[in-house]
Amino acid sequence: MSLTEIARELLDGLHAQLPESGFRLVGVEVHVGKMVDLDPEHLRAILCSLLPRVEVQVTVVDALLKCKDCGAEYPADEHPCPVCGSPNAELAHGGELQIVRAWGETIEA
Ligand SMILES: [Zn+2]
């Protein structure tokens, strides 16, 4: 999937949640996990071109693992678990790609 298609898919999901009229989108914030294989600046540029006059914030989320044995969350580069030494972990953060916030203003119909 190209970055443009990814951006369009994100916006389709967003528009489905917004009112159809009486609302003007002013800004969106997107979270991109560090483990997601895409260029955040490039994604931001595409979103800006798809959303003229809308403020686009792209935040890169650090990769965090969650220990399956003791529940601790720790940076991926400290693997295995610095608390209990367990190698059993799952990705808690860093795999996300989503619009986490959208804000706007109501406009006269
Ligand atoms: Zn642990």
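This report walks through a zinc site, a small set of strands and two helices in a predicted model.

## Ground rules

Residues are numbered from 1 along each chain as its sequence is written, and side-chain values use heavy atoms, with hydrogens and water left out. Because the model is predicted, local features need pLDDT of at least 70 and side-chain atom pairs count only at pLDDT 80 or more, while totals for chains, interfaces and linings use all residues.

## The zinc site

Which residues hold the zinc ion? Cys67, Cys70, Cys81 and Cys84 do the job, each through its SG atom, at 2.3 to 2.4 Å. (Donors are N, O and S atoms within 2.8 Å of the metal, or 3.2 Å for Na, K and Ca; water is not among the atoms, so sites may look incomplete.) The angles between the four donor atoms run from 106 to 113°, which makes the arrangement tetrahedral. That label applies to four donors if all angles lie between 85 and 135 degrees.

Along the sequence, the donors follow the spacing C-x2-C-x10-C-x2-C. Cys67 and Cys84 link distant parts of the chain, 17 residues apart: Cys67 belongs to strand β3 (residues 64–67), and Cys84 to the loop between β4 (73–75) and β5 (89–93). (Helices, H or I with at least four residues, and strands, E with at least two, are DSSP runs numbered from the N terminus.) Cys67 is buried, with a relative accessible area of 3%, whereas Cys84 is partly exposed at 41%. Here buried means under 20% relative accessible area, exposed over 50%, and partly exposed in between, using a 1.4 Å probe and protein chains only.

## The sheet next door in sequence

Three strands make an open, antiparallel sheet in the order β4-β3-β5. Strands count as paired if DSSP finds at least two bridges between them. The edges are β4 and β5, each pairing on one side only.

β3 and β4 share three bridges, with Lys66 partnered by Glu73 and Leu64 by Pro75. Their hairpin has five residues between the strands, and Gly71 there takes a positive phi near 85°. On the other pairing, β3 and β5 share four bridges, and the zinc ligand Cys67 has Ala89 as its bridge partner in β5.

Where do the side chains of β3 point? Leu65 and Cys67 point to one face and are buried, while Leu64 and Lys66 point to the other and are not. In a regular strand the side chains alternate between the two faces of the sheet.

## Two helices, each with a buried side

Helix α1 (residues 3–15) has 13 residues, which should span 18 Å at 1.5 Å a residue; the end C-alpha atoms are 18 Å apart, which agrees. (The expected span is 1.5 Å times one less than the number of residues.) Leu3, Ile6, Ala7, Leu10, Leu11 and Leu14 are its buried residues. They fall within an arc of 130° seen down the axis, so they line one face of the helix. That arc is taken from the directions from the helix axis to the C-beta atoms. The face turned away carries exposed Glu9 and Asp12.

In helix α2 (residues 40–50), the buried residues are Leu43, Ile46 and Leu47. Their arc is only 100°, which puts them on the same side of α2. Glu41 and Ser49 are exposed on the other side. An α-helix has 3.6 residues a turn, so residues three or four places apart point the same way.

## A buried glycine

Gly27 is found in strand β1 (residues 23–33) and is buried, with a relative accessible area of 0%. Its C-alpha atom is separated by 42 Å from that of Ser86, 59 residues apart along the chain.

Methods:
Four donors count as tetrahedral if all angles lie between 85 and 135 degrees; four count as square planar and six as octahedral if opposite donors are over 155 degrees apart and all others between 65 and 115; anything else is irregular.
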